[in-house]
Amino acid sequence: MAPATKALYKQVFPVKSDLESAGKVSTEVRRILRSLGVEPEVVRRAGIVCFEGEMNIALYTKGGRIILIVRDDRVELLFSDRGPGIADIDLVKQPGYSTAPDWARELGFGAGMGIPNMEANSDRFAMYSRVGVGTVIRATIFRRCHETCGGNRAPGT
Amino acid sequence: MKLAEVIERLGLEVLVPGDLGRRVRWGFCSDLLSDVLAHAQEGDLWITHQRHLNVVAVAKLKGVAGVVCVRGLHPSQEVLAKARKEGVTVLASAEDAFEVAGKLYGLLSP
């Protein structure tokens, strides 16, 4: 795997444990990516990954943050929160598994598709968690070949 | 079929117009946001009972042709203002999801 190229853009977004403001970061991330001229398909995928991650932080954690890093060859989204952490990561990656409370399900959350959606829309997806501490997710979306691409894209893309 | 024509044929109420000249590809019925994010396609008309702020975000993310709030449910002014800002079409029907979906299917199926 080629080393990541220099970051063209980086921004940190705090995310509160509050559904009312949830969705704001993904809207802002999409706006930034579009203004940077990132390919529409990459913007679309990053928007979905960001929204699902943002909702997870808002719904299930004590708050956290999202870091957006745009590179020449990829967009990275780093999610981190202050707990409660996930005991069984394989389980939460299973479509349909959810710990959402009833009130969240009534709002259309808790389909058990959030993390599978994040993974499906990422080219690389890594998740680490410690119960009582928090969860960290790194989602990478490779940018497709464009004019400045030397043909040396990441494998699998 | 153009969104404006779908609105007319289905007798939908326009709460936020957005782009009425858009082509409606197909319909999608779901109240689960992640389901919409995973499976709805750009240009689909999204039929739902959900009417909170995140519906606008999901509609925008997926580029659906519009959101149809069914069974007489109307989103709050705050949600409509957000939709206006984001250019998301919001429609309403007094009929239930089954009826709206059935009629839309009749209009769009080949």
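**Close-up views of a predicted two-chain model**

**View 1. The largest nonpolar core and its best-connected members.** Of the 34 residues in the largest nonpolar core, those that touch the most other members are A:Leu19, A:Phe51, A:Phe109, B:Trp46, B:Val58, B:Val67 and B:Val90. A nonpolar core is here a set of buried Ala, Val, Leu, Ile, Met, Phe, Trp, Tyr and Cys residues joined through side-chain atoms within 4.5 Å, where buried means under 20% relative accessible area with a 1.4 Å probe and protein chains only. At least two residues of this core come from each of H2 of chain A and, in chain B, strand S1 (13-16), helix H2 (33-39), helix H3 (53-62), strand S4 (66-69), helix H4 (77-86) and strand S5 (90-92); helices (H or I, at least four residues) and strands (E, at least two) are DSSP runs, numbered from the N terminus. H3(B) gives the most, with 7 residues. The model is predicted, so that local features need pLDDT of at least 70 and side-chain atom pairs count only at pLDDT 80 or more, whereas totals for chains, interfaces and linings use all residues. Residues are numbered from 1 along each chain as its sequence is written, chains are lettered from A and ligands numbered from 1 in the order in which they are written, and side-chain values use heavy atoms, leaving out hydrogens and water.

**View 2. Surroundings of A:Phe51.** Leaving aside neighbours within four places in sequence, A:Phe51 is in contact (heavy atoms within 4.5 Å) with A:Gly23 and A:Ser26, and with B:Leu37, B:Asn54, B:Ala57, B:Val58 and B:Leu61. Apart from the largest core lies another, of 29 residues, among them A:Val15, A:Val42, A:Leu68 and A:Met127.

**View 3. The open sheet of chain A.** Five strands, with antiparallel pairing, form an open sheet in the order S1-S2-S3-S5-S4; two strands pair if DSSP finds at least two bridges between them. The edge strands, S1 (7-15) and S4 (124-130) of chain A, each pair on one side only. S1(A) is joined to the antiparallel strand S2 (residues 64-71) of chain A by 8 bridges, and A:Pro14 has A:Arg65 in S2(A) as its bridge partner. Helix H1 (residues 24-35) of chain A packs on the sheet, touching S1, S2 and strand S3 (74-81) of chain A.

**View 4. Helices H1 and H5 of chain B.** The axes of H1 (residues 3-10) and H5 (residues 97-108) of chain B come within 11 Å and cross at roughly 125 degrees, axes being lines fitted to C-alpha atoms over the stretch in contact, with angles running from 0 to 180 degrees between N-to-C directions. The contact is made by B:Val6, B:Arg9 and B:Leu10 of H1(B) and by B:Val100, B:Lys103, B:Leu104 and B:Leu107 of H5(B).

How values were computed:
Buried < 20%, exposed > 50% of the residue type's maximum accessible area, 1.4 Å probe, protein only.
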